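Student: I'd like to go through this structure with you and test the labels we put on its parts. Could we take each value and hold it against its cut-off?

Tutor: Gladly; let's look at it together.

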Amino acid sequence: MTPPRRRRRDPEQQPPPGPAPAGPGGKEGEQRQPERLYILTGATDGGERASIDLVTLIVACADPQPTATPEQSALLRLCRSPLSVAEISAYLSLPFSVVTLLLTDLLAAELVQARAPVVRKATPDRSLLEAVMHGLEKL
Amino acid sequence: MDWKSSDPVPGPRAEDHLPHTARAAVKIVIVGGFGVGKTTMVGSVSEIRPLTTEETMTQAGVGVDDNFGSDSKTATTVAMDFGRISITEQLVLYLFGTPGQERFWFLWNGLFEGALGAVVLLDTRRPEVSFDVIGRLEERGVPFVVAVNSFPGAPRHPMRELRAALDLSDEIPIVECDARRRASSRDVLMTLMHFLHSLATARAPV
Ligand SMILES: Nc1nc2c(ncn2[C@@H]2O[C@H](COP(=O)(O)OP(=O)(O)OP(=O)(O)O)[C@@H](O)[C@H]2O)c(=O)[nH]1
Ligand SMILES: [Mg+2]
C-alpha cells in the first residue's frame with residue numbers, strides 16, 4: 001500500500017483569503033491570519049508587544065511594592081530567578097497575550113528586566129548550534 | 001481573572017529554577033496532528049514537568065450567522081505544551097508542542113518567529129494531517145525534519161516512498177522515532193540540529 005500523497009499548495013494562492021485581524025496594531029505578518037481569529041487582548045498599539053517572545057527570559061529587579069496589583073506581585077515573586085514568558089503564563093494560568101501586557105507595564109516601570117531570545121537568522125550562528133548539540137548529547 | 005493577593009501561586013519547584021546566569025533562550029517547535037505524540041515527545045526530553053501555556057481566541061461570527069448580531073463570538077482556548085532543556089549555565093532550550101491543523105495557525109505568529117527549527121511528527125496512519133504543516137513551514141522558511149512515530153499497527157512505508165509521498169526534497173531528514181523514549185526523542189532533536197548546522201555551513205561566507 002502506498003501512502004497518500006501531499007499536493008504542494010499553489011504559492012500564487014497564498015496567503016489563504018481571510019479578513020484582516022480585528023483591532024488596530026496588527027503587524028505585517030499578522031495580516032496573514034488564515035481564519036477570522038484574533039487575540040482577545042490584542043487591540044493594543046503593539047509597539048512593546050513585538051519585543052516579548054514566549055522564550056524571553058524575565059528577571060525581577062525588585063520585590064513587589066504594596067501598590068502592585070496581585071498579578072504584578074505574583075509575577076515579580078515568580079521571577080526572582082529568570083523565567084521564560086511561557087513559564088510565567090503557565091504558572092499564573094494567564095494567556096500569553098495577557099502576560100505580555102503585564103510585562104509591558106513592568107518593563108516600563110523598570111521592575112523587571114527582559115533577556116531577549118537568540119533567534120534564527122538567515123545565516124545561523126554555528127557556535128550556537130554546536131552549543132545546543134553539545135547540551136543535547138549530555139541528556 | 002479573579003485574583004486575590006492571598007491566593008498562593010504555584011511556581012517552579014526548587015530544582016526547576018534557572019540559574020541567574022541564564023542569559024538567553026532558543027526554541028524548537030514540535031508540530032503534528034491530534035494524538036501524534038507531541039506532548040509525549042516534549043515530556044520525554046524535558047528537564048521540567050511539561051507545562052501548558054494557553055491562548056484565548058475569539059472567532060468572530062461575521063458572515064457566519066447573523067441571527068445573533070454581527071458581534072457574536074465564540075471564545076476558544078488553545079493549549080500548547082512546552083518543556084525545557086538547560087544547555088549551558090547561560091543558554092536554555094525550550095520545546096513547544098503545537099497542533100498542526102490549519103485552524104491553529106494563528107498561534108504560529110509568535111511561535112515560529114525566531115525558532116531554530118521544527119520537528120514535524122508524522123503518524124503514518126494519518127499522514128495527511130501533516131501535509132499542510134509541511135507546506136506552511138516551507139512557505140515560512142522554517143527549517144524542519146520529519147519524525148515518524150512507529151505506532152503499533154501503523155503502516156510502514158519505505159523511507160523512499162514516504163519521501164515521495166511528502167514531496168520532500170532529498171536533503172530534508174526523515175527519521176523514525178519512539179516519542180516515549182528520551183533517547184529516541186533526543187536523537188530526533190539531534191537530527192534537526194545537524195541539519196541546521198549543515199544549512200549554516202552551506203550558507204556561511206567562504
Ligand atoms: N507506540 C507509540 N506510542 C506513542 C508514541 N508517541 C506517543 N504515543 C502514545 O500516543 C498517545 C498520544 O500521545 P500524545 O503525546 O498525547 O499526543 P499529542 O500529539 O500531544 O496529542 P494531542 O495533544 O491530543 O493532539 C499516548 O498514549 C502516547 O503514549 C510513539 O512514538 N510510539
Ligand atoms: Mg498533547
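Student: How do you know what area is buried between chain B and chain A?

Tutor: This is a predicted model, and the area is computed from it. Buried area is the accessible area that two parts lose on being put together, summed over both. For chain B and chain A that comes to about 7,100 Å², and carbon and sulfur atoms give 61% of it. The contact draws on 90 residues from chain B and 68 residues from chain A.

Student: What makes the pair B:Lys27 and A:Asp53 a salt bridge?

Tutor: The rule asks for a side-chain nitrogen of Lys or Arg within 4 Å of a carboxyl oxygen of Asp or Glu. The N to O distance for B:Lys27 and A:Asp53 is 2.9 Å, so the pair meets the rule. Across the interface of chain B and chain A, 3 salt bridges are found. The count of residue pairs in polar contact between these chains is 21, both residues being at pLDDT 80 or more.

Student: Which element gives the largest share of the side of chain B that touches chain A?

Tutor: That is helix 5 of chain B, with 11 residues. By class, this side of chain B has 50 nonpolar, 19 polar and 21 charged residues.

Student: Why is the salt bridge of A:Arg6 and B:Glu138 said to join two chains?

Tutor: A:Arg6 sits in the segment before strand 1 (37–39) of chain A, while B:Glu138 belongs to helix 3 of chain B, so the pair joins two chains. The closest N and O atoms of A:Arg6 and B:Glu138 are 3.0 Å apart, and the cut-off is 4 Å, so the name salt bridge holds.

Student: And why is A:Arg6 called buried, and what is B:Glu138 called?

Tutor: Buried means under 20% relative accessible area. A:Arg6 has 6%, so A:Arg6 is buried. B:Glu138, at 29%, counts as partly exposed, because that class lies between the 20% and 50% limits.

Student: How do the partners compare in the salt bridge of B:Asp123 and B:Arg126?

Tutor: The closest N and O atoms of B:Asp123 and B:Arg126 are 3.1 Å apart. B:Asp123 has a relative accessible area of 2%, so B:Asp123 is buried. B:Arg126 has 34% relative accessibility and therefore counts as partly exposed.

Student: What makes B:Arg180 exposed?

Tutor: Exposed means over 50%, and B:Arg180 has a relative accessible area of 62%, so the label fits. B:Arg180 also forms a salt bridge with B:Asp178, with 2.7 Å between the closest N and O atoms. Elsewhere, A:Glu87, B:Glu47 and B:Arg84 are joined into one network by salt bridges that share partners. The search of the whole structure finds 13 salt bridges over all chains.

Student: How do you know that B:Thr39 makes a polar contact with ligand 1?

Tutor: The limit is 3.5 Å between N or O atoms. An N or O atom in the side chain of B:Thr39 is 2.6 Å from an oxygen atom of ligand 1, so this pair qualifies. For B:Thr40 the distance to a ligand 1 oxygen is 2.4 Å, and for B:Asn149 it is 3.4 Å. In total, 16 residues surround ligand 1, with B:Gly35, B:Lys38, B:Thr39, B:Thr40 and B:Ala179 the closest.

Student: Why is B:Met41 called buried?

Tutor: B:Met41 has 0% relative accessibility, so B:Met41 counts as buried. The residue lies in helix 1 (residues 38–45) of chain B. Beyond its neighbours within four places in sequence, B:Met41 is in contact with residues including B:Ile30, B:Val119, B:Leu121 and B:Cys177. B:Met41 and B:Ser184 are 143 residues apart in sequence, yet their C-alpha atoms are 9.1 Å apart.

Student: What covers the buried residues of helix 3 of chain B?

Tutor: The cover includes strand 1, helix 2, strand 5 (117–123), strand 6 (144–149) and helix 4 of chain B. Among the buried residues of helix 3 are B:Phe131, B:Ile134 and B:Leu137. Just after this helix of chain B, B:Gly141 takes a positive phi of about 70°.

How values were computed
Residues numbered from 1 in each chain as written. Chains lettered and ligands numbered in written order. Heavy atoms only, no water. Contact = heavy atoms within 4.5 Å. Buried area = accessible area lost by both parts, 1.4 Å probe. Polar contact = N/O pair within 3.5 Å; in protein donor to acceptor, adjacent residues only side chain to side chain. Helix = DSSP H or I, 4+ residues; strand = E, 2+ residues; numbered from the N terminus. Nonpolar A, V, L, I, M, F, W, Y, C, P; charged D, E, K, R; others polar. Buried < 20%, exposed > 50% of the residue type's maximum accessible area, 1.4 Å probe, protein only. Near = heavy atom within 4 Å.
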